[in-house]
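Good morning. I have a few minutes on one structure, so please have the sequence and the model open while I talk.

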Amino acid sequence: MSVITTIEDLRVLAKRRVPKMFFDYMASGSWTETTLRQNMEDFGKIAFRQRVAVDLSNRTVQTRMLGETVTMPVALAPTGLAGMQHANGEILAAKAAMNFGVPFTLSTMSICSIEDLADNVQSPFWFQLYVMRDRDFSHKLVSRAQNAGCSALIVTLDLQVMGQRHQDIKNGLTTPPRLTLRNILDMMKRPAWSWGMLNTKRRQFGNIVGHVDGVSDLSSLAAWTAEQFDPSLSWEDIARIRDLWQGKLVLKGIMDPEDATKGVEIGADAIIVSNHGGRQLDGSNSTISALPSIVEAVGKDTEVWLDGGIRTGQDVLKAIALGADATLIGRSYLYGLGALGERGVTQALEILHKELDMTMALCGHRVINEVDRDIFSSCPF
């Protein structure tokens, strides 16, 4: 194996080791994937201003998210099916994040359940909620997260209807994978992944199977999930969740200043500028281009985070300079997970941390919380 120095190196290795249907689920976007690409490409339109002869000793990229100290302004975003990138993937990723000193978020659509993760990690984690048509189930999820000691609830707002992801349709994605000849041959090419899956009990949506009346296996799960995303979701529903949840509340999927303002009014402790990684509305703005106007609308009392397109520590620095309080990564850590399990997630975090620290230094800054637009020589946003 060649030396790994970038997130792209981890992506290449993960593509070799993870079955195609699960790698494509993680790496692809909706429709033409224009927004997926734009999320990354728009970071490249920003140019740094290099400074010299500045005292660069005693640097720190440490900051705070929701009142807690973090090693750098990065958290692991909620990602569905992480446990299909690598056996026991959510547990391994959470351990890597916690050992590194950054938050981990468990998805509603995870393979590992809330309770299972709580039994296997030492520190509190965050939980992400999809509000389903079955409101009773959604409210029970909130209670389960509270009982498991989750320190924040992230409510995703941009999945009322499912964006069409062509690769998933072409691959016939199921969990666990449907054993067609094509899929069997593909898994045979990836013996390490297959061996891991054979030796784990975690192969289905742990937060759902056994927790919903009538859903006891994967055949009943498929039918239930297909009808559960709720197009009627409203701000009144979010207000009710705010009343139910006793901890920090974060709203994810904000791409418009008016929606950001509504989130603040409803009592969100943080909002996440996110277009679901280019997996929902194809043709929408990139998150980095949407960030400045949302930061201006929100003001100082509610944290603003950014999710989408981050592949380097330089991307993290650009987001912070444009007003974000922190960032979240999805694919960047999943590439590490698929490539090397827990060690790969740690390596992804180490890469981002080193790139962030070094770039901040070369821009003439020592403290991440003091970085602003002054570090840019040009920025179109």
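I will go through some helix contacts and then two points about aromatic rings.

A word on the source before that: this is a predicted model.

Let me begin with helix H15, which covers residues 331-362. Helix H1, residues 7-17, packs against H15 at an angle of about 175°, and their axes are 10 Å apart. That angle makes H1 roughly antiparallel to H15. Which residues meet there? On the H1 side they are Ile7, Leu10, Arg11, Leu13, Ala14 and Arg17. On the H15 side there is a longer run of names to look for, including Ser332, Tyr335, Gly336, Ala339, Leu340, Ala348, Ile351 and Leu352. Sorted by class, the residues of this contact are 10 nonpolar, 4 polar and 2 charged.

H15 has a contact with helix H2, residues 20-27, as well. Here the axes come within 10 Å and cross at roughly 160°. H2 and H15 are therefore roughly antiparallel to each other. The crossing is left-handed. H2 contributes Phe23, Met26 and Ala27, while H15 contributes Arg331, Leu334 and Tyr335. In this contact 5 residues are nonpolar, none is polar and 1 is charged. If you are following on the model, Tyr335 of H15 is listed in the contact with H1 and in the contact with H2.

Next, another pair. Helix H12, residues 257-266, packs with helix H13, residues 287-298, at an angle of about 35°, with the axes 9 Å apart. This crossing is right-handed. From H12 the contact takes Pro257, Ala260, Thr261 and Val264. From H13 it takes Ser293, Ile294, Ala297 and Val298. How many of these residues are nonpolar, polar or charged? The contact has 6 nonpolar residues, 2 polar ones and no charged ones.

Last, the rings. How many aromatic pairs does a search of the whole structure find? There are 4. Separately, arginine 279 lies over the face of tyrosine 25, and the distance from the ring centre is 4.6 Å.

That is what I have; I can go back to any of the contacts.

Note on methods. Residues are numbered from 1 along each chain as its sequence is written. This is a predicted model: local features need pLDDT of at least 70, side-chain atom pairs count only at pLDDT 80 or more; totals for chains, interfaces and linings use all residues. Side-chain values use heavy atoms; hydrogens and water are left out. Axes are lines fitted to C-alpha atoms, for helices over the stretch in contact, and angles run from 0 to 180 degrees between N-to-C directions. Helices (H or I, at least four residues) and strands (E, at least two) are DSSP runs, numbered from the N terminus. Angles under 35 degrees count as roughly parallel, over 145 as roughly antiparallel, 65 to 115 as roughly perpendicular and the rest as oblique. Contact means heavy atoms within 4.5 Å. Ala, Val, Leu, Ile, Met, Phe, Trp, Tyr, Cys and Pro count as nonpolar, Asp, Glu, Lys and Arg as charged, and the others, Gly among them, as polar. Rings of Phe, Tyr and Trp (its six-membered ring) pair if their centres lie within 6.5 Å; planes under 30 degrees apart count as stacked, over 60 as edge-to-face and the rest as tilted. A charge sits over a ring if NZ of Lys or CZ of Arg is within 6 Å of the ring centre and within 35 degrees of the ring normal. A crossing is left-handed if the near helix is turned anticlockwise from the far one by less than a right angle, and right-handed if clockwise.
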